[in-house]
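Biologist: I'm new to this one, and I'd like a close look at a single part rather than a quick tour. Could you take me through one helix and what surrounds it?

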Amino acid sequence: MAVYKDGKPLLVKGYGAGNLELNVPVDNDSVFRIGSVTKQFTAAALVKLDEEGKLSLDDLLSKYYPDYPRAGDITLKQMLHHTSGMHNYTDDESFLAQAALTRTPDEWVAYFAKMPKLQDFEPGTDWNYSNTAYFLLGAVVEKVEGKPLAKVLETRFFQPLGLRNTALDDERELVPDRVAGYDGVPGKFRNAAPISMTIPGGAGAMRSTADDLARWNAALFGGKVLKPAS
């Protein structure tokens, strides 16, 4: 847990177990996968590119992925706001069977494009949470910047803000203080099933600490990341 006030820490403290097999406690530098909090960083990168005139949030997805189904009807802004209607790939029945596979962003996009269900509603007519949209947004950032999303986020946000324990995760890397993941029921935990961090991408692949996230939050809302109007 990290509590900040006026950009300064009041409390940064870890609780509980970081690894049940080794009996390692959580500490202030314990690194967790942060799941969909990743979307905030992907959105900030996209808005930053809009500020710089490198893309427009009103661009159609077809500008970057012309062959993706309905790409000519969906804007980046709709994808940001979960109003694109894109069916959430983590709700697809075949998803779990694919989760441990390592693929490039374009290979995952090609997989999403062949899902049995592609749209939950017409673009702009409703709201539904979509990991598919945010994965594609991360891929758009890569195309515009000409480099992997991990490097974009590192050079634009993590390094300048001193977020030393934050990165787009790679399960193959050796990461000091990385906690273990579990599922199951209380009192009967199991090691979590493996998942390739290539599949959450810009929708959920980051790792970080509570302290780093509090610093990020202060910077984002303190005008150090984006213009206040953005």
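Modeller: Let's start with helix α5 and its packing partners, then visit the core and a few loop residues. Bear in mind that this is a predicted model.

Helix α5 covers residues 131-145, and one of its partners is helix α1, residues 38-51. The two pack at an angle of about 40°, and their axes are 10 Å apart. That makes α1 and α5 oblique to each other, and their crossing is left-handed. If you want to find the contact on screen, look on the α1 side for Lys-39, Thr-42, Ala-43, Ala-45, Leu-46 and Leu-49. Facing them from α5 are Asn-131, Tyr-134, Leu-137, Gly-138, Val-140, Val-141, Val-144 and Glu-145. Sorted by class, the residues of this contact come out as nine nonpolar, three polar and two charged.

Now for another partner of α5, helix α4. Here the packing angle is about 145°, with the axes 10 Å apart, and α4 crosses α5 in a left-handed way. From α4, the contact uses Pro-105, Asp-106, Trp-108, Val-109 and Phe-112. From α5, it uses Thr-132, Phe-135, Leu-136, Ala-139, Glu-142 and Lys-143. The class count for α4 with α5 is seven nonpolar, one polar and three charged residues.

Next, the core. The largest nonpolar core has 53 residues, and the members that touch the most others are Leu-46, Leu-61, Tyr-68, Met-79 and Leu-153. Two or more residues each come from α1, α2 (76-80), α4 (105-112), α5, α6 (149-161) and α8 (210-221). Our helix α5 gives the largest share, eight residues. You've already met Leu-46, on the α1 side of the contact with α5.

Tyr-68 is a good one to click on, too. Setting aside neighbours within four places in sequence, Tyr-68 is in contact with Leu-61, Met-86, Val-109, Phe-112, Ala-113, Thr-132 and Leu-136. Some of those names should look familiar: Val-109 and Phe-112 are on the α4 side of the contact with α5, and Thr-132 and Leu-136 are on the α5 side.

Away from that helix, a few loop residues are worth a stop. Thr-209 sits in the loop between β9 (206-208) and α8. Thr-209 has a relative accessible area of 3%, so it counts as buried. Leaving out neighbours within four places in sequence, its contacts are Asn-28, Asp-29, Ser-30, Val-31 and Asn-165.

His-82 is in the loop between α2 and α3 (95-98). With 10% relative accessibility, His-82 is buried as well. Its phi is about 60°, a positive value even though His-82 is not a glycine.

The loop between β3 and β4 holds another positive phi: Asn-23 is found there, with phi near 55°, and again the residue is not glycine. At 67% relative accessibility, though, Asn-23 counts as exposed.

Leu-20 is also in the loop between β3 (17-19) and β4 (24-25). Its relative accessible area is 46%, so Leu-20 is partly exposed. Not counting residues up to four places away in sequence, Leu-20 touches Tyr-182 and Phe-189. For a sense of scale, the C-alpha atoms of Leu-20 and Thr-125 are separated by 46 Å, and the two residues are 105 apart along the chain.

Technical notes
Residues are numbered from 1 along each chain as its sequence is written. This is a predicted model: local features need pLDDT of at least 70, side-chain atom pairs count only at pLDDT 80 or more; totals for chains, interfaces and linings use all residues. Side-chain values use heavy atoms; hydrogens and water are left out. Axes are lines fitted to C-alpha atoms, for helices over the stretch in contact, and angles run from 0 to 180 degrees between N-to-C directions. Helices (H or I, at least four residues) and strands (E, at least two) are DSSP runs, numbered from the N terminus. Angles under 35 degrees count as roughly parallel, over 145 as roughly antiparallel, 65 to 115 as roughly perpendicular and the rest as oblique. A crossing is left-handed if the near helix is turned anticlockwise from the far one by less than a right angle, and right-handed if clockwise. Contact means heavy atoms within 4.5 Å. Ala, Val, Leu, Ile, Met, Phe, Trp, Tyr, Cys and Pro count as nonpolar, Asp, Glu, Lys and Arg as charged, and the others, Gly among them, as polar. A nonpolar core is a set of buried Ala, Val, Leu, Ile, Met, Phe, Trp, Tyr and Cys residues joined through side-chain atoms within 4.5 Å. Buried means under 20% relative accessible area, exposed over 50%, partly exposed in between (1.4 Å probe, protein chains only).
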